[in-house]
Each structure stands twice: as C-alpha cells, then as structure tokens.
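My notebook is open, and I am going through this protein one topic at a time. Here is what I looked up, in the order I looked.

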Amino acid sequence: MRNAAQLASPNKKILRISRRIMANDRFARVASVNVTISRAEKEAGVVQRLPGKIILLSGWRRVVLAFLMGALASFALPPYDFFAVCFISFPVLVWLIDGAVDNAGAGPIRRLLPAAMVGWWFGFGYFVFGLWWIGNALLVDAANFAWAIPFAILGLPAVLAIFYAFATALARLLWSDGLGRIFALAFGFGIAEWLRSFVLTGFPWNAIGYAAMPVPVLMQSSVIVGLLGMNTLAVIVFSMPALLVGRHGLRSGTILALVLISAHVGFGVYRLSNAKVEAKGLQVRVVQPSIAQDLKWDADARRGIIDKYLAMTGEVPKDGKPKPQLVVWPETAVPYILTKTPEALKSIADVLSDDQVLLAGAIRMEEPGGSDASLYYNSIYAIDSEAEITGAADKVHLVPFGEYVPLENILRRFGISEVIELPGGFTAAATRRSLTVRDNFTALPLICYEAIFPAEMSYEGPPADAIVNVTNDAWYGDTPGPYQHFRQAQLRAVEQGLPLIRAANNGVSGVVDPYGRIIDALALDAVGVIDVALPTKVELPIRAGALHFQFWIVIGIVLVVTLAYFSRHRARVG
C-alpha cells in the first residue's frame with residue numbers, strides 16, 4: 001500500500017488520511033481491508049470496504065455514526081433487551097477509535113481529543129435514547145417545569161457522555177493493534193462505569209453490563225464479578241467482531257469470547273439447575289394502586305387515595321391463598337404526615353389484623369424545636385394493628401433536583417427548585433439500616449432509585465431476610481424507564497442473595513426470588529395486589545460486600561493484558 005503522502009496531489013483530505021494511516025500501524029497492516037486506492041479513490045479519500053471507510057471518516061460523518069452507534073446500543077436495554085445490537089455498535093466504535101488520530105507532533109491532550117469526541121458522541125446517543133423518558137417527569141407539573149425538559153432530555157445525557165469520552169480517551173492512550181485494543185476499550189469503559197457509580201453522587205443507570213444480563217440465567221455471573229466487573233467483560237465480548245477485519249488476533253479473540261460466553265451461560269445454567277429456594281417465608285401482599293401522579297399531592301384527593309389503599313389491603317386473597325402477614329405499599333403512598341394525623345393512622349390499623357404488619361412509604365417529619373426548620377424524610381414506616389409505628393427507615397441516597405437542590409444557596413437564587421417541593425427539600429439519612437418488621441423478618445429497605453447502586457447495599461443492623469424496594473414510577477408514564485428500573489432492582493436481588501419485594505405506585509411491582517426469577521408481578525398501569533409466599537434467602541459463593549474487590553481483580557487482569565499488547569506494539573513500531 002502506498003502512503004497517501006506520496007500522492008502527487010496535495011489534497012488536504014488525502015493528507016489527513018495519510019496522518020491517520022501513519023499514526024495507526026494496525027490499519028496499515030490489515031491486509032483484508034484491501035485499501036488499495038485507485039486514482040479516483042485517492043482524490044475522494046474513500047476505500048472499498050466498510051471498516052476502512054469507517055476508519056477514514058471525518059467531520060460530521062464521524063460524529064453522526066458515533067451517535068447512531070450509541071443510540072443503537074440503547075436497544076440492548078429493557079424493555080427491548082435486543083443485546084445483539086451491541087455486537088454491531090461496539091465493533092464500529094473500535095473502528096472509529098482506530099481512525100481517531102491527530103497530528104503526531106501534537107500534545108497529549110490534542111492527540112486524545114479525537115478519540116474522546118468519538119466516545120462522547122457515542123455516549124450522547126446511548127444516553128439520549130436510553131434516558132429520554134426522564135423528561136416525562138417534568139410534564140406532571142408542566143406549568144413550572146416544562147422549561148427544564150430540554151435539560152433533562154439533552155443536558156443529563158451530555159454530562160453522562162463525558163464518562164464515555166473519558167473511556168475512549170483512556171483506551172486510545174493504551175491503544176495497540178488486534179486484541180490489545182479490545183482490552184484497552186474494556187479497561188476504559190470499566191473505569192468509566194466505576195466512576196459513574198459515585199462521581200457527582202453517582203448515576204450508574206443503564207450501565208453497559210446490564211445488556212449482557214437480560215434474563216435470570218444470564219444474571220448469575222453477577223454473584224462472581226458484580227455489575228462493575230460485568231461492565232468490563234461485556235465490552236470485551238461485544239467488541240470482538242472488530243477482529244473479523246484484518247484477522248489480526250482473530251483466533252485468540254474468538255477463543256476468548258467463546259470461553260467468556262460459555263462461562264457466563266454455563267454458570268447461569270448450573271446455578272439455576274441447583275437452586276434450592278423454599279417458600280417458607282412470610283405471606284406477602286404487594287399493593288399497586290396506580291394513582292395518577294398529578295393526584296398524589298392533591299389535598300382534595302387524599303381521602304380517596306387512602307381509602308383505595310385500605311380497600312386493596314383488606315381484600316380477601318384469591319384462589320384460597322392464606323391471608324398476608326406483611327402488606328407493602330409503595331413510595332410516599334400515605335398522603336398525610338402520619339404523626340400529625342392520628343385518624344389516618346387509626347384507619348390503617350383498623351384494616352390490619354392482629355398478626356399483620358404494613359410497610360408503607362410515607363413522608364416523615366422531624367421537628368427539632370426552637371427556631372430550627374422542620375426536617376422531612378422520604379421514609380418507610382412499619383405499622384401494626386395497634387396503630388403503632390414500630391419502625392422506620394429513611395432514604396439515604398436522594399435524587400438531585402428531584403428531592404433536593406445541589407448547591408442550594410446558589411441555584412435557588414435562579415428560581416431552581418426540586419420537583420417534589422417541601423420546605424428545604426428532603427433530608428438524607430446518615431446511614432442505611434436494616435428494618436426489623438416482626439420477630440421473624442428483617443428487611444433491607446431501598447427507596448426508589450437506591451436500588452440502582454450496587455456499591456451502596458451495605459447496612460447496619462440485623463441481617464436482612466429480603467430487599468424491600470418501594471418506588472413510584474408514575475412520574476415516567478408508559479416509557480422504558482419503569483422497565484429499566486425494575487431490571488436493576490432484579491439484579492440487586494441476585495447480587496445480595498435475597499428475595500425482592502417491590503411495590504410501585506405505578507410501574508412494575510413484583511416479587512423476585514434470590515436468583516432473579518420473577519415469582520409474580522403486576523404490569524405497568526395495572527391496579528391490583530400480589531399475594532405470594534416469600535422465598536428464603538440463599539448463601540452466596542462470594543460475600544456480596546466483596547464484589548467491589550472482585551471488580552478490581554477483573555480490571556487489574558484486563559490492564560495487565562492491555563499493557564502487554566501496548567508494550568509489544570510500541571516495540572514493533574519503534
């Protein structure tokens with residue numbers, strides 16, 4: 001292949017292609033791309049085959065393709081679960097990074113900027129198409145918040161895409177050829193997804209690893225490597241088709257991909273075939289009333305709302321099922337401050353039998369006294385038949401701009417407030433504690449999107465027998481959001497080895513066993529109850545708290561392989 005710099009014509013596009021070829025030894029060595037350039041093609045700056053054309057893309061074409069590949073990858077998420085699209089989007093991302101080079105004499109930041117921009121546009125497409133439904137929450141009170149819809153639909157994805165820009169820039173810094181660049185990309189995404197789990201309070205929604213775990217048999221690997229480890233390994237497998245072009249490292253890459261896929265599937269089949277779950281736990285009722293979001297805080301609708309909950313709680317079980325011992329209402333189900341409305345508390349107690357306990361989402365108020373303002377907590381109450389609040393758990397991880405305003409003293413001056421307006425917003429609990437509901441049952445309480453943070457499952461108090469996740473996905477309507485939320489809670493059950501009781505005002509309510517299998521569930525917009533015998537918890541092969549350590553083992557191995565390929569590549573190209 002002749003270097004483009006040798007061409008007679010000083011065409012700027014040809015010179016740009018030449019720089020990419022010289023800066024990317026892998027591209028120059030790939031015979032099967034067949035980049036023999038005819039005279040017409042030399043002037044046009046194109047090649048005959050698709051991967052070569054992708055590598056040589058520039059300008060808006062590169063931007064559009066990166067965006068479209070990110071958007072395509074979002075269809076691997078619920079409710080679509082079409083994970084095969086990742087075997088297209090990630091190889092194309094590899095080829096785009098292959099061509100993301102600048103002048104060899106430029107500084108380190110400028111050299112990495114083209115790869116970072118590819119990653120940013122990929123991430124922007126992924127998050128716009130994966131999270132557009134967040135804007136639906138602002139339509140509940142459109143008069144006050146419609147102006148913020150573009151910031152929710154485009155602004156949040158733009159910020160989250162920075163993590164993927166970092167991933168591709170870090171990968172490009174360690175870029176080599178063949179299989180080495182696949183490991184470099186996996187390392188970059190592994191670190192980026194880890195950062196996304198805690199930076200700026202964290203928002204690991206739709207992490208790449210979820211695409212590799214759409215059904216319970218494929219969720220079992222999470223007990224070994226966790227979601228963070230799965231993020232890294234998923235990128236390795238999804239990117240392997242990039243090796244089909246040029247075939248450099250194809251054999252070893254194919255073997256590795258087959259080993260990872262076989263281990264992933266095989267372990268899932270083995271674990272489920274040996275699963276021993278006994279339904280010896282409590283008889284549980286989950287209530288999903290599907291109250292319209294614009295009615296939840298309507299003072300005139302309060303009585304009707306509580307009456308609906310009470311009627312559903314008191315329903316006689318169908319099909320001869322036993323009476324529930326535990327009833328679970330969703331997040332902020334109680335439309336009163338219970339400590340200020342004893343008549344509402346008594347109404348709840350009247351519908352409960354002597355052996356029944358209610359777990360209900362409610363707003364808890366603390367009055368410090370003096371001139372200090374009251375504090376409000378998003379909480380779960382345990383209530384018995386004697387109208388006693390026997391326990392409470394407060395939300396630890398609040399939603400920025402939903403339940404509180406970051407940099408409040410500054411942003412409130414510009415008229416920015418939280419979507420759920422309370423004086424001063426909600427207050428976060430200092431620590432997560434298990435909640436003892438009755439003598440034979442202790443819950444790990446997770447309120448709303450607390451269930452998306454696998455690294456925040458540690459708690460103080462007695463060991464939990466089940467996860468109780470109360471939420472209200474009515475904010476998001478009939479969109480992918482509630483399905484994505486349920487999937488992430490489902491994975492927490494597998495990682496913790498605990499059954500999951502999930503009550504949503506509207507969304508996907510259900511009971512899941514500790515292997516991620518749905519025992520029973522209510523669909524989006526359904527109104528009804530679920531009566532099930534709660535499965536027992538199971539022993540995990542690796543302690544749930546050690547999954548973070550497992551991630552660093554995975555990322556360490558990937559880094560060692562990346563550096564080995566990178567060093568060999570540098571030695572070869574001199």
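**Entry 1: the sheet.** I started with six strands in this predicted model. They form an open sheet in the order E5-E4-E3-E2-E1-E12, with mixed pairing. I checked the ends: strand E5 (389-394) and strand E12 (528-533) are the edge strands, each pairing on one side only. Ignoring direction, I find neighbouring strands turned by 30° against each other on average. A reminder to myself: strands of a sheet pair through backbone hydrogen bonds, either parallel or antiparallel.

Next I asked myself how strand E1 and strand E2 run and how many bridges join them. E1 (residues 283-288) and E2 (residues 326-328) run parallel, and three bridges join them. Val286 has Val328 in E2 as its bridge partner. I also noted that helix H13 (residues 302-313) packs on this sheet, where H13 touches E1, E2 and E12. The direction of H13 makes about 150° with that of E1.

**Entry 2: helix H14.** I went on to helix H14, which spans residues 342-351. Which of its residues are buried? I wrote down Ala344, Leu345, Ser347, Ile348 and Ala349. Their cover includes H13, strand E3 (357-366), strand E4 (375-383) and E5.

H14 also has a salt bridge of its own, between Asp350 and Lys346. I read 3.1 Å between the closest N and O atoms. These two residues are four apart, about one turn of the helix. Is Asp350 buried or exposed? Asp350 is exposed because its relative accessible area is 55%, and the cut-off for exposed is over 50%. Lys346, at 48%, counts as partly exposed.

**Entry 3: salt bridges across the chain.** I counted on the whole structure next, and it holds 17 salt bridges. The background is simple: side chains of opposite charge can pair when their charged atoms come close.

One of the 17 joins Asp81 to Arg487, with the closest N and O atoms 3.0 Å apart. Where do the two partners sit? Asp81 is in the loop between helix H5 (59-73) and helix H6 (86-98), while Arg487 is in helix H16 (residues 480-496). They are 406 residues apart, so I noted this as a link between distant parts of the chain. Arg487 is buried, with a relative accessible area of 11%, whereas Asp81 is partly exposed at 23%.

I then looked at Arg502 and Asp473, whose side chains meet in a salt bridge at 3.4 Å, N to O. This pair also links distant parts of the chain, 29 residues apart. Arg502 belongs to strand E9 (residues 500-504), and Asp473 lies in the loop between strand E8 (466-471) and H16. Both Arg502 and Asp473 are buried.

I also found a network of salt bridges, which links Arg364, Glu366 and Asp394.

**Entry 4: nonpolar groups at the surface.** Which residues make the nonpolar surface patch of about 410 Å²? My list reads Phe75, Tyr80, Phe82 and Phe129. I placed Phe129 in helix H7 (residues 108-131). Phe129 has 37% relative accessibility and counts as partly exposed.

Ile88 caught my eye as well, and I found this residue in helix H6. At 46% relative accessibility, Ile88 is partly exposed too. What does Ile88 touch, leaving aside its neighbours within four places in sequence? I found Met69 and Leu72. Ile88 and Met69 are 19 residues apart in sequence, and their C-alpha atoms are 7.8 Å apart in space.

**Entry 5: the whole protein.** I closed with the totals. The protein has 17 helices and 12 strands. Of its 574 residues, 56% are buried. I looked up contacts between residues at least 6 apart in sequence, and 70% of these join residues at least 24 apart. The accessible surface comes to about 23,800 Å², and 61% of this belongs to carbon and sulfur atoms.

Note on methods: Residues are numbered from 1 along each chain as its sequence is written. This is a predicted model: local features need pLDDT of at least 70, side-chain atom pairs count only at pLDDT 80 or more; totals for chains, interfaces and linings use all residues. Side-chain values use heavy atoms; hydrogens and water are left out. Buried means under 20% relative accessible area, exposed over 50%, partly exposed in between (1.4 Å probe, protein chains only). Contact means heavy atoms within 4.5 Å. Accessible areas come from the Shrake-Rupley method with a 1.4 Å probe; for residues, only the protein chains shown count as cover. A salt bridge is a side-chain nitrogen of Lys or Arg within 4 Å of a carboxyl oxygen of Asp or Glu. Two strands pair if DSSP finds at least two bridges between them. Axes are lines fitted to C-alpha atoms, for helices over the stretch in contact, and angles run from 0 to 180 degrees between N-to-C directions. Patches are made of residues with over 30% relative accessible area and no salt bridge: like charges are joined within 9 Å, nonpolar side chains (Val, Leu, Ile, Met, Phe, Trp, Tyr) within 5 Å.
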